[in-house]
Amino acid sequence: MDHSGHGMTMDLPPFTLGRGLGWSADPFFLVACVLGLTLYGWGVVRLVRRGDAWPVGRTVAFVLGVLSIALMMCTRLNDYGMVMFSVHMVQHMMISMVSPILLLLGAPVTLALRALPPAARGSKGPRELLLMLLHSRYMKVITHPVFTIPLFIASLYALYFTPLFDFLMGSKVGHLAMMVHFLAVGLVFFWPIMGVDPGPHRPGYLMRMLELFAGMPFHAFFGIALMMASTPMVSTFENPPASLGVDALSDQNAAGGIAWAFSEVPSVLVLIALLFQWYASDQRQARRTDRAADRDGDKELEAYNAYLASLRTRGS
């Protein structure tokens, strides 16, 4: 017997981590992950062959980001996530909060801009089109906190507490669209905050921290609401298959605990990344200042000393 039109059997055995990690690839995400790794690898190889350096840490972060998506969508976690609220919540939190952070730390846009060859004069190639997109009004809108923060919050409350979630879970296309949406929302939310790639909205580091902490509490509140609920709140998970041996309300409470916990982990990761970026930015600025002083003989300091001398002369 099928469940929700996905072709998955209703008699899944009780969940264990070993069973959840069994291979069960979603074709769409499998192709997307392989393609992402292939294109990123092509970019790195292209840079290395022409003698340019690319940080190993960025490559590791991007690969881990892609593998985290594959872990959620190309194993039986995806099957169990269709009938268990707790497993689905792990998928949601990973794909919307952990995977985007790792992908962004990999700086794929920067890699593409460095690896793609410039188009011939008078024509537009992939690199030029990417630059146009980065500087477009569309990107300015979707990366602005007035857009990203409400979208981040609505992806929880407007989805799970309305019939929209049950509608999407009723078809394979709907389920795929929801997972792609989770990933996209995570990318546009975290990109202006801690992304390495260039973007149209890039506030100061203090403002980025404020943007981060403006969205995270709503994840915690959402998790607490699920943990404290006395009845199942999502129709899709009201009647789990008997073969799982789980209680719908207990499973929902576990899902709430997962959502609450994930509101803390990404905050710490992003905060650490921001502090490192802030420190590196200050170091670069200091080196630029030193180089400028070496070039002009530190004329600013000489001018200031001359100004102090003139004040002393006037005073005497």
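## Overall make-up

The protein contains 15 helices and zero strands, and the model that shows them is a predicted one. Of its 316 residues, 42% count as buried. Among the contacts with a separation of 6 or more, 77% are made by residues that stand 24 or more positions apart in the sequence.

The accessible surface of the protein comes to about 16500 Å², and carbon and sulfur atoms account for 68% of that surface.

## Confidence in the model

The mean pLDDT of the protein is 84, and 84% of the residues reach a value of 70 or more. Over residues 1-9, however, the pLDDT is below 50, although this stretch has 23 contacts in the model beyond its near neighbours in sequence.

## The loop at Ala107

Ala107 lies in the loop that runs between helix 5 (85-105) and helix 6 (108-115). Most residues other than glycine have a negative phi. Ala107, which is not a glycine, has a positive phi of about 50 degrees. This residue also counts as buried, because its relative accessibility is 0%, below the 20% under which a residue is called buried.

## Cysteines without a disulfide

The count of disulfides in the protein comes to zero, and the pair formed by Cys33 and Cys74 can be used to follow the reasoning. For Cys33, the closest cysteine sulfur is the one in Cys74, at 5.4 Å; for Cys74, in turn, the closest cysteine sulfur is the one in Cys33. A disulfide requires two cysteine sulfur atoms within 2.5 Å, so the separation of 5.4 Å is too far for a bond between Cys33 and Cys74.

Both cysteines count as buried, with a relative accessibility of 10% for Cys33 and of 1% for Cys74.

## Gln252 and its surroundings

Gln252 is found in helix 13, which spans residues 248-262. With a relative accessible area of 2%, Gln252 is buried. When residues up to four places away in sequence are left out of the count, Gln252 touches Phe85, Leu226, Ala229, Thr231, Pro232, Met233 and Val234. One of these partners, Phe85, has the number at which helix 5 (85-105) begins, so that the description of Gln252 leads back to a helix already met beside the loop of Ala107.

Methods:
Residues are numbered from 1 along each chain as its sequence is written. This is a predicted model: local features need pLDDT of at least 70, side-chain atom pairs count only at pLDDT 80 or more; totals for chains, interfaces and linings use all residues. Side-chain values use heavy atoms; hydrogens and water are left out. Helices (H or I, at least four residues) and strands (E, at least two) are DSSP runs, numbered from the N terminus. Buried means under 20% relative accessible area, exposed over 50%, partly exposed in between (1.4 Å probe, protein chains only). Contact means heavy atoms within 4.5 Å. Accessible areas come from the Shrake-Rupley method with a 1.4 Å probe; for residues, only the protein chains shown count as cover. pLDDT is the predictor's confidence in each residue, from 0 to 100.
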